[in-house]
Amino acid sequence: MRRLSLWLRAHPWVGDSLLALVLFLFDLASKRGSQYDPVTETFVQVVSASDYILGSFLLVGPLVIRRKRPVLAAYVTLFGGIFVLVTHGPFAARMGAFALAIMLYTLLTHATRRVAAAYAAWLLLGTLLFSIAMAREYGLATAPFTVFFPVLIFAVFWMTGEFVGARRAYHAEVEQRLRMLEHERDQQAKIAVVEERNRIARELHDVVAHAVSVMIVQADGASYALKTSPETAGRALATISDTGRKALGELRRLVGVLRNDSEGNAEYAPQPDASALGELAEKMRQVGLPVRLTMTGDLSDLPTGVGLTVFRLVQEALTNTLKHAGPGASAQVVVTRAEDGVEVEIVDDGLGTANGSLVSGGNGLIGMRERVAVYHGTLEAGPRPGGGWRVRAVLPLSRESAT
């Protein structure tokens with residue numbers, strides 16, 4: 001049973017098809033298409049079989065696609081209800097009408113509350129018309145029942161849809177936050193590794209610079225004393241040899257720390273450029289940020305530094321959007337290559353921040369400006385008038401670098 005339940009969750013259209021089939025069979029089995037004649041004491045068919053089957057199909061058939069196309073399925077079912085009401089008159093009450101309430105639930109869980117409210121208004125109008133038809137046929141005494149029970153059913157399905165929709169939204173937000181925290185944790189780990197390697201690189205620079213300086217001084221002294229004082233020149237050469245060996249040992253030790261042993265003999269990944277923006281956008285989509293990427297012009301022959309700057313700008317801007325835009329935000333990235341430069345624009349529709357100090361702790365925006373300033377470009381970053389955040393950078397290209 002557990003495997004069957006998991007399989008049905010993975011293939012929800014199967015369950016919807018079975019639900020539609022069950023309602024269709026129950027609807028056909030009902031006797032709402034006939035009217036009792038007290039004179040002959042028999043049931044007289046007042047609705048043709050074709051109209052009855054068509055009405056049942058219009059009511060329950062859209063249940064199969066209610067998850068993929070909820071609005072279309074809901075209004076096809078609503079049309080089926082109107083068709084049944086027009087062709088059947090006061091005999092419109094049937095099992096297939098439950099599909100109307102199911103569609104109301106579907107709109108609340110798979111669409112928006114505004115769409116569901118509009119649909120509920122149509123259902124109430126249809127209920128009122130049905131109540132009027134029943135009152136004209138059987139008297140006003142039936143009006144409370146023909147109004148109360150349908151409205152009660154719609155209310156139950158509405159509350160159920162609100163509850164399920166709220167839980168789904170909560171779980172979706174929790175999952176997005178977990179993905180974002182995992183992504184941020186990985187980023188912090190990478191930053192820590194980079195900072196440690198930078199510290200080791202500074203130590204490496206100090207060791208090598210000191211050793212080379214000593215070797216140069218000793219070599220100069222040995223060249224002057226080579227003819228006048230061979231012993232002094234020999235001692236200088238010995239010092240050069242000893243200093244070189246110590247520096248080489250220290251160099252090997254520090255380089256060994258910088259090397260990632262887990263990678264073994266794996267090739268080092270090249271620096272990213274503008275061609276890697278598609279992969280970056282896909283990674284952002286996987287962690288919960290919808291990204292639409294548009295690239296215009298030939299970006300494959302950009303100078304290495306410019307391509308890397310374009311990639312880092314987009315990466316930093318999308319990371320800020322993921323962290324600060326809030327749930328449900330999306331981003332759009334536009335990269336345009338012209339003859340004299342490259343324009344990069346990243347906009348989002350999230351909540352944003354009131355100022356730039358919250359962007360990556362204040363360092364992300366500074367890093368963007370420094371990268372752009374290296375190529376004498378311009379950077380604009382700030383909230384959009386209609387909401388959200390916008391980052392725009394222009395990197396000029398010299399004719400030599402552009403060709």
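**Exercise 1. Strand pairing around E5**

In which sense do E5 and E7 pair, and over how many bridges? Work from the predicted model, then place E4 and describe how E5 is covered.

Solution.
- Step 1. The pairing of E5 with E7 is antiparallel and spans eight bridges. Within this pairing, Glu345 sits opposite Arg392 in E7.
- Step 2. E4 and E5 also run antiparallel, joined by seven bridges. Here Arg337 is the residue opposite Val342 in E5.
- Step 3. The connection from E4 to E5 is a hairpin of three residues.
- Step 4. Of the eight residues of E5, six are buried, so the strand is largely enclosed by the rest of the structure.

**Exercise 2. Salt bridges on the strands**

Find the salt-bridge partners of Glu345 and Arg337, and state how accessible each residue is.

Solution.
- Step 1. Glu345 and Arg390 meet through their side chains in a salt bridge, 2.8 Å from N to O. Glu345 belongs to strand E5 and Arg390 to strand E7, so the bridge ties together parts 45 residues apart in sequence.
- Step 2. Glu345 has 23% relative accessibility and counts as partly exposed; Arg390, at 27%, is also partly exposed.
- Step 3. The pair belongs to a network of salt bridges that links Glu343, Glu345, Glu380, Arg390 and Arg392.
- Step 4. Arg337 forms a salt bridge with Asp301, with 2.9 Å between the closest N and O atoms. This pair links distant parts of the chain, since Arg337 is in strand E4 and Asp301 in the loop between E3 and H10, 36 residues away.
- Step 5. The cut-off for buried is under 20% relative accessible area. Arg337, at 15% relative accessibility, therefore counts as buried, whereas Asp301, at 35%, is partly exposed.

**Exercise 3. A salt bridge between two helices**

Which helices are tied together by the pair Arg113 and Glu162? Give the distance and the exposure of both residues.

Solution.
- Step 1. A search of the whole structure gives 11 salt bridges. In one of them the side chains of Arg113 and Glu162 meet at 2.9 Å, N to O.
- Step 2. Arg113 is in helix H6 and Glu162 in helix H7 (residues 143–228), so the bridge ties together parts 49 residues apart in sequence.
- Step 3. Arg113 counts as exposed, at 54% relative accessibility. Glu162 counts as partly exposed, at 25%.

**Exercise 4. Two sides of helix H6**

Is Thr127 buried or exposed? Then describe what H6 contributes to the nonpolar patch on the surface.

Solution.
- Step 1. Thr127 is located in helix H6. Its relative accessibility is 7%, so Thr127 counts as buried.
- Step 2. Beyond its neighbours within four places in sequence, Thr127 contacts Thr146, Val147, Pro150, Val151 and Phe154.
- Step 3. The nonpolar surface patch consists of Val71, Tyr75, Trp122, Leu125, Leu128, Leu129 and Ile132, which together have about 610 Å² of accessible area.
- Step 4. Helices H4 (70–88) and H6 (113–138) each supply at least two of the patch residues. H6 gives the most, with five.
- Step 5. Ile132 is in helix H6, and at 43% relative accessibility it counts as partly exposed.

**Exercise 5. The nonpolar cores**

Which residues have the most contacts inside the largest nonpolar core? List the elements that build this core.

Solution.
- Step 1. The largest nonpolar core holds 35 residues, and Val310 and Leu318 have the most contacts inside it.
- Step 2. At least two residues of this core come from each of H9, helix H10 (304–324), strand E4 (331–337), strand E5 (341–348), helix H11 (363–374) and strand E7 (389–396). H10 gives the most, with eight residues.
- Step 3. Neighbours within four places in sequence aside, Leu318 is in contact with Leu280, Met284, Leu289, Val291, Ala331, Val333 and Ile346.
- Step 4. Another core, of 23 residues, lies apart from this one; among its members are Ala99, Met103, Leu107 and Ala120.

**Exercise 6. A loop residue with positive phi**

Where does His376 lie? Describe its backbone angle and exposure.

Solution.
- Step 1. His376 is in the loop between H11 and strand E6 (378–383).
- Step 2. Most residues other than glycine have a negative phi. The phi of His376 is positive, near 55 degrees.
- Step 3. With 71% relative accessibility, His376 counts as exposed.

How values were computed
Residues are numbered from 1 along each chain as its sequence is written. This is a predicted model: local features need pLDDT of at least 70, side-chain atom pairs count only at pLDDT 80 or more; totals for chains, interfaces and linings use all residues. Side-chain values use heavy atoms; hydrogens and water are left out. Patches are made of residues with over 30% relative accessible area and no salt bridge: like charges are joined within 9 Å, nonpolar side chains (Val, Leu, Ile, Met, Phe, Trp, Tyr) within 5 Å. Accessible areas come from the Shrake-Rupley method with a 1.4 Å probe; for residues, only the protein chains shown count as cover. A salt bridge is a side-chain nitrogen of Lys or Arg within 4 Å of a carboxyl oxygen of Asp or Glu. Helices (H or I, at least four residues) and strands (E, at least two) are DSSP runs, numbered from the N terminus. Buried means under 20% relative accessible area, exposed over 50%, partly exposed in between (1.4 Å probe, protein chains only). A nonpolar core is a set of buried Ala, Val, Leu, Ile, Met, Phe, Trp, Tyr and Cys residues joined through side-chain atoms within 4.5 Å. Contact means heavy atoms within 4.5 Å. Two strands pair if DSSP finds at least two bridges between them.
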